[in-house]
Amino acid sequence: MNPIAFQIGALQVRWYGVMAALGFLAATWIVNRCRKHADLTSDQVSSMLLVTIISGVIGARIFYVVQFFDEYRDNLWEIVRIDHGGLVFYGGFLAIPVLWIWSKVQKRDFIRLLDLAAIALVLGHAFGRVGCFLNGCCYGKVTHSALGVIYPKTTAPEFQDGLARYPIQLFETAENLVVLFILLAIVKKGKRGTTVAAYFVLYGILRFINEFFRGDNYHYFGLFTIAQLIGIVLVPTGALLYWYFDHGAREKN
């Protein structure tokens with residue numbers, strides 16, 4: 001595998017950026033298929049996804065840079081080079097307040113927009129994890145099982161040992177696609193809030209489990225990673241929200 005997709009002169013185009021672009025296109029397509037859920041036009045779908053994805057990427061990048069600032073201390077220009085990888089998924093939740101502002105401007109139901117955003121996110125994330133795999137970031141722990149893959153030593157300093165690692169990025173791609181089909185089934189029922197609530201529960205559980213197979217994370221107090229700590233909060237919160245929207249909430253007119 002090679003993190004460089006192709007090169008034009010001195011310009012290198014990385015697979016990470018290619019997969020991010022494909023993820024955006026796929027997310028736009030799938031949300032357009034479901035846009036009646038929030039009574040959106042096709043133009044509003046494009047506008048909504050543009051502002052949420054930009055703000056989400058900024059949040060994810062900030063979260064990563066703060067967490068691994070030593071990597072950028074001597075080369076601050078790399079902070080803006082998101083095409084080289086380096087995003088923390090949960091940092092993307094910065095998009096939520098931006099989406100709330102957008103909903104007020106457009107006079108749309110914020111909760112229904114979150115439902116659509118969850119569908120867009122899970123599909124875009126599936127593409128993004130393929131980009132992570134090709135880029136060599138977010139890699140798995142060393143394994144001697146048949147599931148392991150060996151990265152070229154030139155991909156990153158971490159792979160100089162030549163050992164096989166879990167392709168946890170591809171595992172997460174497959175998981176996201178399964179979650180996507182579940183969310184599409186839920187959104188078809190038309191209840192506001194249940195789709196995003198289900199996403200919180202499903203992804204929170206899967207990410208908690210996946211962290212045990214990651215080889216690039218840090219365990220706080222020797223127990224959990226930041227992603228797992230967030231998941232511990234996210235899963236019960238999502239479960240309560242699902243119950244509320246499925247049973248207790250009055251439909252907004």
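This report describes the fold, helices, ring pairs and selected residues of one protein chain.

## Overall organisation

The structure is a predicted model. Its chain contains seven helices and two strands. Read from the N terminus, the order of these elements is β-β-α-α-α-α-α-α-α.

The chain has 253 residues, and 43% of them are buried. When contacts between residues at least 6 apart in sequence are considered, 66% join residues at least 24 apart.

## Helix α1

Helix α1 covers residues 15-34. The helix has 20 residues, and the distance from its first C-alpha to its last is 28 Å. This span is close to the 28 Å expected at 1.5 Å a residue.

The buried residues of α1 are Y16, M19, G23, A26, A27, T28, I30, V31 and C34. As a general rule, residues three or four places apart in an α-helix point the same way, because the helix has 3.6 residues a turn.

T28 offers a more detailed view of this helix. Its relative accessible area is 14%, and T28 is therefore buried, the cut-off being under 20%. Leaving aside residues up to four places away in sequence, T28 touches V45, S46 and L49.

## The pairing of α5 and α6

Helix α5 comprises residues 168-187, and helix α6 comprises residues 194-210. The two pack with their axes 10 Å apart, at an angle of about 160 degrees. Because angles over 145 degrees count as roughly antiparallel, α5 and α6 are described as roughly antiparallel to each other. Their crossing is right-handed.

On the α5 side, the residues that meet α6 are I168, E172, E175, N176, V179, I182, L183, I186 and V187. Their counterparts in α6 are T194, T195, A198, Y199, L202, Y203, L206, R207 and N210.

## Two alanines in helices

A118 lies in helix α4. With a relative accessible area of 3%, A118 is buried. Apart from residues up to four places away in sequence, A118 touches L183, V196 and Y199. Among these residues, L183 in α5 and Y199 in α6 also take part in the meeting of those two helices. A118 and V196 are 78 residues apart in sequence, yet their C-alpha atoms are 5.5 Å apart in space.

A174 lies in helix α5. A174 is partly exposed, with a relative accessible area of 42%. Along the chain, A174 and R129 are 45 residues apart, and 9.5 Å separates their C-alpha atoms.

## Aromatic pairs

Nine aromatic pairs are found in a search of the whole structure. One of these is formed by Y199 and F200, whose ring centres are 6.4 Å apart. The planes of these two rings stand at 50 degrees, so the pair is tilted. Both Y199 and F200 are buried.

Another pair joins Y244 and F245, with ring centres 5.1 Å apart. Here the planes stand at 70 degrees, so the pair is edge-to-face. Its two members differ in accessibility: Y244 is partly exposed at 41%, whereas F245 is buried at 12%. Ring pairs also link F133, Y139, Y151 and F159 into a cluster.

## Two loop residues with positive phi

Most residues other than glycine have a negative phi. D39 has a positive phi, near 55 degrees, and is a residue other than glycine. D39 is placed in the loop between α1 and α2, the latter spanning 42-67. At 55% relative accessibility, D39 counts as exposed.

C138 likewise is a residue other than glycine with a positive phi, near 55 degrees. C138 is located in the loop between α4, which spans 110-135, and α5. With a relative accessibility of 11%, C138 counts as buried. The two residues thus occupy loops of the chain, D39 being exposed and C138 buried.

Definitions and conventions
Residues numbered from 1 in each chain as written. Predicted model: local features only at pLDDT ≥ 70, side-chain atom pairs only at ≥ 80, totals over all residues. Heavy atoms only, no water. Helix = DSSP H or I, 4+ residues; strand = E, 2+ residues; numbered from the N terminus. Buried < 20%, exposed > 50% of the residue type's maximum accessible area, 1.4 Å probe, protein only. Contact = heavy atoms within 4.5 Å. Phe/Tyr/Trp six-rings, centres within 6.5 Å; stacked < 30°, edge-to-face > 60°. Expected span 1.5 Å × (residues − 1). Axes fitted to C-alpha atoms, helices over the stretch in contact; angles between N-to-C directions. Parallel < 35°, antiparallel > 145°, perpendicular 65-115°, else oblique. Left-handed = near helix turned anticlockwise from the far one by under 90°.
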